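Subject: A structure for you to explore

Hello,

Here is the structure I promised to pass on to you. Please open it and keep it beside this email while you read.

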Amino acid sequence: MRAPAPIQASNEGVIDAARAALGDLLLDTLEAVGEVSLTIDRERLVEAMTLLRDTPGLEYQQLMEIAGCDYPEREARFDVCYHLLSLTRNHRLRVRVLTDEVKPVPSVTGLWPVAGWLEREVYDMYGVLFTGNDDLRRILTDYGFRGHPLRKDFPLTGYVELRYSEESKRVVYEPVKLAQDLRLFDFTSPWEGAEYILPGDEKAKLPEAKGAPTPLKADEIVKADAAQTPKAAAVEPKTTESTAQSGAGKPHPHAGPEPKDPDVVPSKGQNQ
């Protein structure tokens, strides 16, 4: 087995085949980072999608996803991106159309029924309208939600959200508060000298035993260890003032007169 997943077919010839099949429906093409993107005339999207699905050599049978992108500086601020998959050719293709808050995009639910929910997501998050979708309602936000959360100009506060309150034991409406505390990341490890105090450490004035987690830095730990370690009493050097204290010159209990001949070893109880 050379690869853990099937290798995708090459992009070679895909743009030429799409240009031949679509003709003036195709506005622009792009091949980048191993992917092919086609920009289609918005009003003729259904016609173009039918050709991409049914033309031999293209055969993109499945609609995998519909996504949106917001570029507020453009007149047509929204990109609606369709991700297609060819099962017979093992190839993926991105098709996009451009629109704004007013101009609707033709629905492709007649070609792929799964597009019903996918178009509802794009409508809910970006406010893009789709003509031909019989059930174009919000699908991700709450009842009565105003605005479209994935627009770049969507405010973080000021709207109302619906949630279940454990305190009140009922569903409540309250202002949306999207605090950005989670965007303040601290990548300093608490074991490498973090500046903050871990929960529970505020109760301890000194660090715990060595090896336990502590919010103090290494130099502070050394100072704290030094403050906790009791100082040992100074040891006075041992000195003597006379030979009587050291035992120097005191005869051994078995000592006797030295023998005349140093090579003669005296026997026990006899002296020479």
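Below is what was found in it, going from the whole chain to single residues.

**The whole chain**

Please keep in mind that this is a predicted model. The protein chain holds 5 helices and 9 strands. If you walk along the sequence, you meet them in the pattern α-β-β-α-β-β-β-β-α-β-β-β-α-α. Of the 272 residues in the chain, 28% are buried. The accessible surface of the chain is about 19500 Å², and carbon and sulfur atoms account for 55% of that area. There is also a number for contacts across the sequence: among those between residues at least 6 apart, 42% join residues at least 24 apart.

**The sheet**

Now look for the open sheet, which is built from 5 strands in the order β1-β2-β5-β4-β3, with mixed pairing. At its edges lie β1 (26-32) and β3, each of which pairs on one side only. From one strand to the next, the twist averages 20°. Strands β3 and β4 run antiparallel and are joined by 8 bridges. To find your way there, start from E65, which stands opposite H83 in β4.

Two helices to look for here are α1 and α3. Helix α1 (residues 14-22) packs on the sheet and touches β1, β2 (35-40) and β5 (91-99). The direction of α1 makes about 170° with that of β1. Helix α3 packs on the sheet too, touching β3 and β4, and its direction makes about 5° with that of β3.

**A closer look at α3**

How far apart are the end C-alpha atoms of helix α3? The helix has 12 residues (115-126), so at 1.5 Å a residue it should span 16 Å; its end C-alpha atoms are 16 Å apart, which agrees.

Helix α3 is mostly covered, with 9 of its 12 residues buried. Among them are L118, V122, M125 and Y126, as well as the charged-letter residues E119, R120 and D124. What do the buried residues of α3 pack against? Their partners are β3 (62-70), β4 (78-86), β6 (105-106) and β7 (130-131). Just after the helix comes G127, which takes a positive phi of about 85°.

**Salt bridges**

Side chains of opposite charge can pair when their charged atoms come close. A search of the whole structure finds 16 salt bridges, and here are a few to look up.

- R77 and D70 form a salt bridge, with their closest N and O atoms 2.7 Å apart. R77 has 6% relative accessibility, so it counts as buried. D70 counts as buried because its relative accessibility is 5%.
- R42 and E43 meet through their side chains in a salt bridge of 3.9 Å, N to O. Is R42 buried or exposed? Its relative accessibility is 15%, so R42 counts as buried. E43, at 61%, counts as exposed.
- E166 and K169 also meet in a salt bridge, at 3.0 Å from N to O. K169 counts as exposed because its relative accessibility is 55%.

Finally, come back to D70 and R77: together with E101 and D153, they are linked in a network of salt bridges.

Enjoy exploring, and write back with any questions!

Best wishes

Methods:
Residues numbered from 1 in each chain as written. Predicted model: local features only at pLDDT ≥ 70, side-chain atom pairs only at ≥ 80, totals over all residues. Heavy atoms only, no water. Helix = DSSP H or I, 4+ residues; strand = E, 2+ residues; numbered from the N terminus. Expected span 1.5 Å × (residues − 1). Buried < 20%, exposed > 50% of the residue type's maximum accessible area, 1.4 Å probe, protein only. Contact = heavy atoms within 4.5 Å. Areas by Shrake-Rupley, 256 points an atom, 1.4 Å probe, with all protein chains shown as cover. Pairing = 2+ DSSP bridges. Axes fitted to C-alpha atoms, helices over the stretch in contact; angles between N-to-C directions. Salt bridge = Lys/Arg side-chain N within 4 Å of Asp/Glu carboxyl O.
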